[in-house]
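Here are a few short exercises to work through with the model open beside you. Try each task before reading its solution.

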Amino acid sequence: MNRQPVVALIGSTAVGKTALSLSIAENLNAEIISVDSRQVYRYMDIGTDKISQSFRHEIPHHMIDIVDPDEKFTVSDFAELASQAAKRIYTRGKVPLFVGGTPFYYNALFHASLNQDLPSDNNIREKYEALANSQGAELLHMRLSEVDPVTAGKLHKNDIQRVTRALEIWDLTGKAPSQIYNEGTKRDYGFDVLYIGLSRSREELFSRIAIRLEQEFNSGFPEEVEWLLDNGFDERFTPLKGLGYSELIDYHRGKITFDSALENSIARTKAFCRRQQTWFKKFEPAIWFNMSESNHEEEIINLAMNHINNNKEGDSPE
């Protein structure tokens, strides 16, 4: 198979991917494919830090506002739709630039994913989520270690969403998720990816996280969550359990103060940032740039252009 060269801009939240991606896209004649598990949901704009419509008119963005928050959207859905978007972009003579911070979306798209949708059951998921809330995330992770030590070894104990999903699959199929993956038919989308990673010092990243959340909390984020609740989108649905949204739902329900909601969101986002850094260290081939030392913009643009231009003799993915 002739593999189509693509560039993916990776890194943790608040590292500066969005601003740099616009400059890269302009120089590469590219369109951007968002690799963000929260930006696929409509009506969740401020809390997911979506790029504005004005910028989307200048540089087309894909995989944003795909489904409503109460709709099921799987990793397989993302991989299939994102690969289709990339093919359409190539057909129009442009380059797809993947940008975002969701590692398992990248894994599905670039590192061979299961070509099947696994079963789900909200009642089972809610059972495990309630167990984590009442007895702690560590207990849930220990339960997964008993039935699937391979998957448990890849997941942080505080990653309740994916630990719960793994246990849900076990309950419904009687098979460990790792076994299903090893036995399943894999889908190769035919891309040759170069990861360009952005990093910053821990101190600077945490400062940027706090500043961003303070701005969001004072610029319409609480009103966005209130609108979602008024329209029936609440904590029953996975997207509304995410960073910031969960805390603001508790605020609107009168469970915590506004200041506590902000402080809790900052703390959770910092913890998530640390997990992202751990996940992305495993990605390859990747070239990393410390944005605390310099913006490296020209170097990154040249690197991206060289990867595309030196490998574009192949046919586009089929």
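A charge sits over a ring if NZ of Lys or CZ of Arg is within 6 Å of the ring centre and within 35 degrees of the ring normal. Keep in mind that this is a predicted model.

**Exercise 1.** Find the distance of Lys127 from the ring centre of Tyr128.

*Solution.* Lys127 is placed over the face of Tyr128, and the distance to the ring centre is 4.5 Å.

**Exercise 2.** Check the length of helix α13 (residues 258-280) against its expected span.

*Solution.* Start with the rule: the expected span is 1.5 Å times one less than the number of residues. With 23 residues, α13 should therefore span 33 Å. Next, take the end C-alpha atoms: they lie 33 Å apart, which agrees.

**Exercise 3.** Classify the ring pair Phe98 and Phe110, then the pair Tyr106 and Phe110.

*Solution.* The ring centres of Phe98 and Phe110 are 5.0 Å apart and the planes meet at 85°, so this pair is edge-to-face. It links Phe98 in strand β4 (residues 95-99) with Phe110 in helix α4 (residues 103-110), 12 residues apart. For Tyr106 and Phe110, the values are 6.3 Å centre to centre and 25° between the planes, a stacked pair. These two are 4 residues apart in helix α4, about one helical turn.

**Exercise 4.** Which residue of β7 is the bridge partner of Leu9, and what stands opposite that residue in β8?

*Solution.* Strand β1 (residues 4-10) runs parallel to β7, joined by 7 bridges; the partner of Leu9 is Ile196. On to β8 (residues 286-290): 5 bridges join this strand to β7, again parallel, and Ile287 stands opposite Ile196.

Key
Residues numbered from 1 in each chain as written. Predicted model: local features only at pLDDT ≥ 70, side-chain atom pairs only at ≥ 80, totals over all residues. Heavy atoms only, no water. Pairing = 2+ DSSP bridges. Phe/Tyr/Trp six-rings, centres within 6.5 Å; stacked < 30°, edge-to-face > 60°.
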